[in-house]
Amino acid sequence: RYLYTSNIGRNIRNSIESSSFVAMEMAEEILLLSTWPSQYGMRVRMALAEKGVEFEYEEDNLSNKSPLLLRMNPIHKKIPILIHNGKSVCESLIIVQYIDEIWKDKSPFLPSDPYLKAHAWFWGIILAKRYIYF
């Protein structure tokens, strides 16, 4: 379940844009910057949903990128971007791994055994290259 730009999303955006981010009283603040048709953004939304994590969702206009997007991903300047308690994580596969590690007590995405984990990554990459265009 996610929410569209509520007061929390605006507070996160304003705090980050003004360079005065201070940990707010809420337990966790999670904002996902993406666009609806993005398959990479969908990957992140599915991972958050699988973990049962509530988050704010904000559409960004890629033809007129927001200052927040440019500030949170200054290298590649692209989406999706997960902003967790004021810190940004970029690139969908990295974000999914981050989600799995942060919320590890909720249905892990990968097995704990290193060999089985490597095997899962192998097939995941094969499928992603074949069916999701990198």
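**Note on the salt bridges and the largest pocket**

1. In this predicted model, Lys51 has a relative accessibility of 3% and therefore counts as buried, the cut-off being under 20%. Its side chain meets that of Asp100 in a salt bridge, with 2.8 Å from N to O. Lys51 belongs to helix H2 (residues 39–51) and Asp100 to helix H4, so the pair ties together parts that lie 49 residues apart in sequence. What of the partner, Asp100: is this residue buried or exposed? Asp100 also counts as buried, because its relative accessibility is 13%.

2. How many salt bridges does the structure hold? There are two. As general background, side chains of opposite charge can pair when their charged atoms come close. Besides the pair described above, Lys78 forms a salt bridge with Glu91, and the closest N and O atoms are 3.7 Å apart. This pair links distant parts of the chain, 13 residues apart: Lys78 sits in the loop between helix H3 (67–72) and strand S4 (81–84), while Glu91 sits in the loop between strand S5 (87–90) and H4. Lys78 is partly exposed, at 38% relative accessibility, and Glu91 is partly exposed as well, with a relative accessible area of 30%.

3. The overall layout may help the reader to place these residues. The protein contains five helices and five strands. Read from the N terminus, its elements follow the order β-α-β-α-β-α-β-β-α-α. Of its 134 residues, 34% count as buried.

4. The largest pocket holds about 530 Å³ of space. In general terms, rolling a probe the size of a water molecule over the atoms shows where empty space is left. Twenty residues line the largest pocket, and Val96, Gln97, Phe109, Leu110 and Trp121 lie nearest its centre. Which helices each supply at least two residues of this lining? They are helix H4 (92–102) and helix H5 (114–131). H5 gives the largest share, with seven residues. Sorted by class, the lining of the largest pocket comprises 12 nonpolar, three polar and five charged residues.

5. Trp121 deserves separate mention. This residue is located in helix H5 and is among the lining residues nearest the centre of the largest pocket. Its relative accessibility is 32%, so Trp121 counts as partly exposed. Together with Leu93 and Ile125, Trp121 forms a nonpolar patch on the surface, and the accessible area of these residues together is about 240 Å².

Key:
Residues numbered from 1 in each chain as written. Predicted model: local features only at pLDDT ≥ 70, side-chain atom pairs only at ≥ 80, totals over all residues. Heavy atoms only, no water. 1 Å grid on protein atoms, 1.4 Å probe; cavity = no way out; pocket = protein on both sides within 12 Å on 5 of 7 lines; lining within 4 Å. Points joined across faces, edges and corners; volume = space filled by probe spheres on them. Helix = DSSP H or I, 4+ residues; strand = E, 2+ residues; numbered from the N terminus. Nonpolar A, V, L, I, M, F, W, Y, C, P; charged D, E, K, R; others polar. Patch = residues over 30% accessible without salt bridge, like charges linked within 9 Å, V, L, I, M, F, W, Y side chains within 5 Å. Areas by Shrake-Rupley, 256 points an atom, 1.4 Å probe, with all protein chains shown as cover. Salt bridge = Lys/Arg side-chain N within 4 Å of Asp/Glu carboxyl O. Buried < 20%, exposed > 50% of the residue type's maximum accessible area, 1.4 Å probe, protein only.
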